[in-house]
Amino acid sequence: MRDIKELIIIILNYNSSKEIIRQLSMLTDKGEISNDSFIILDNNSNDGKELETYCKVHHFFFHQMGNNLGYAYANNWAIRQAIEWGKKYFFILNPDIHIDSTTIEQLYLKLKSDASLGVIGPRLLYHNNPDFIFSDGGLLFPKKGFEGNHINFLKNVKDAGSQGMTYDMAYINGSAMMFKKEVLDDMGYMEADLFMYYEESEWCYRIKKSNRWKIAVDTELVAYQSDSSRGKVYEYYMTRNRIWLTKKHSGSLFFVIRERLIVARKKFFSSKGNFKENILFSRNILKGIVHGLIGKTGKL
């Protein structure tokens, strides 16, 4: 059994029950992680009943949120529940991540052994193409309206190498992010009103900016990211929440609005792709700009 008794692993479902069942089976079948080390949540999914049944049969804690109020809201709920159980370390794990129990334990031990370290994550490689890096953490650029990118994105592992613990980043990817209770006590929780996208980025940015905690990716510890498609409202939430973040943390509002308008215009007049989908894409950006400026948050 892995030495992770103070850690809770939180997995949030939204129509990904088969992926979560795969994760749970892989992590617990050999008895390396106990079933009571998990909180499984469902954001009112179409396949929530299937997951609930599996969790009941295999004795995993399952909670139906009853409504889809977003990534941060559900994970914040689970964290508070785990604190009531006496847990001090938390690992948010997305259904599309492939990770083994040894990696989870090593992340936990490194986080626990360093009093100044608040948040840690693994290197993320592409599951279907593991020679290439998905992310070694992320950067944010306030002068570019909090435009962000993943460190070493699409670099070959051989070219990027392994630097061990790396700290020069703005955020840890929220798909595989471990942190300790002291950070929550000091910095508060993720912004639940953002609903989706930028929640973990803003939280980590706030933590890093305080200069009281370090955040890190251990490039020697690896997890694997499955390819996932972006929903039809991706551009809306990314635009709106980026403007929200820019306003909150004094970035360049002019830059983000100008950049988003250029993207919307190019898509609208593009001869490539489906005409109706191009219109919807551009409309979602424009709606995101308006809602970002007036401060609208929550679910669209």
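1. Cysteines. Cys55 has a relative accessibility of 0% and therefore counts as buried, the cut-off being under 20%. Cys204 also counts as buried, at 0% relative accessibility. The model is a predicted one, and a search of the whole structure finds 0 disulfides in it. A disulfide would be a covalent bond between the sulfur atoms of two cysteines.

2. Main core. The largest nonpolar core is made up of 41 residues. Val119, Met177, Phe179 and Trp203 have the most contacts inside this core. Helix α3, residues 71-84, gives the most to the core, with 6 residues. As background, nonpolar side chains in soluble globular proteins tend to be buried together.

3. Second core. Apart from the largest core lies another, of 35 residues. Ile21, Ile33, Phe60 and Leu107 are among its members.

4. Surroundings of Val119. What does Val119 touch, leaving aside its neighbours within four places in sequence? Its contacts include Met177, Phe179 and Trp203, which are listed with Val119 among the residues with the most contacts inside the largest core. Val119 is also in contact with Cys204, the buried cysteine of point 1. The other contacts of Val119 are Leu111, Ile172, Met178, Ile207, Lys214, Ile215 and Ala216.

5. Helix α4. This helix covers residues 101-113. At 1.5 Å a residue, its 13 residues should span 18 Å, and the end C-alpha atoms are 18 Å apart, so the expected span and the model agree. At the start of α4, a side-chain oxygen of Asp100 comes to within 3.2 Å of the backbone nitrogen of Thr102.

6. Buried residues of α4. These are Ser101, Thr103, Ile104, Glu105, Leu107, Tyr108 and Leu111. In an α-helix there are 3.6 residues a turn, so residues three or four places apart point the same way. The elements covering the buried residues of α4 include strands β1 (7-13), β4 (89-93), β6 (117-126), β11 (176-180) and β12 (214-225), together with helix α1 (17-28). Leu107 also belongs to the core of 35 residues, and Leu111 is in contact with Val119.

7. Positive phi at Phe146. Phe146 is not a glycine, yet has a positive phi of about 55 degrees. Phe146 sits in the loop between β8 (138-141) and β9 (147-150). Is this residue buried or exposed? Phe146 counts as buried because its relative accessibility is 0%.

8. Positive phi at Asn211. Asn211, another residue other than glycine, has a positive phi near 65 degrees. Asn211 lies in the loop between α7 (199-210) and β12. With a relative accessible area of 70%, Asn211 is exposed.

Technical notes
Residues are numbered from 1 along each chain as its sequence is written. This is a predicted model: local features need pLDDT of at least 70, side-chain atom pairs count only at pLDDT 80 or more; totals for chains, interfaces and linings use all residues. Side-chain values use heavy atoms; hydrogens and water are left out. Helices (H or I, at least four residues) and strands (E, at least two) are DSSP runs, numbered from the N terminus. The expected span of a helix is 1.5 Å times one less than its number of residues. Buried means under 20% relative accessible area, exposed over 50%, partly exposed in between (1.4 Å probe, protein chains only). Contact means heavy atoms within 4.5 Å. A polar contact is a pair of N or O atoms within 3.5 Å; within protein, one must be able to donate a hydrogen and the other to accept it, and residues adjacent in sequence count only if both atoms are side-chain atoms. A disulfide is a pair of cysteine sulfur atoms within 2.5 Å. A nonpolar core is a set of buried Ala, Val, Leu, Ile, Met, Phe, Trp, Tyr and Cys residues joined through side-chain atoms within 4.5 Å.
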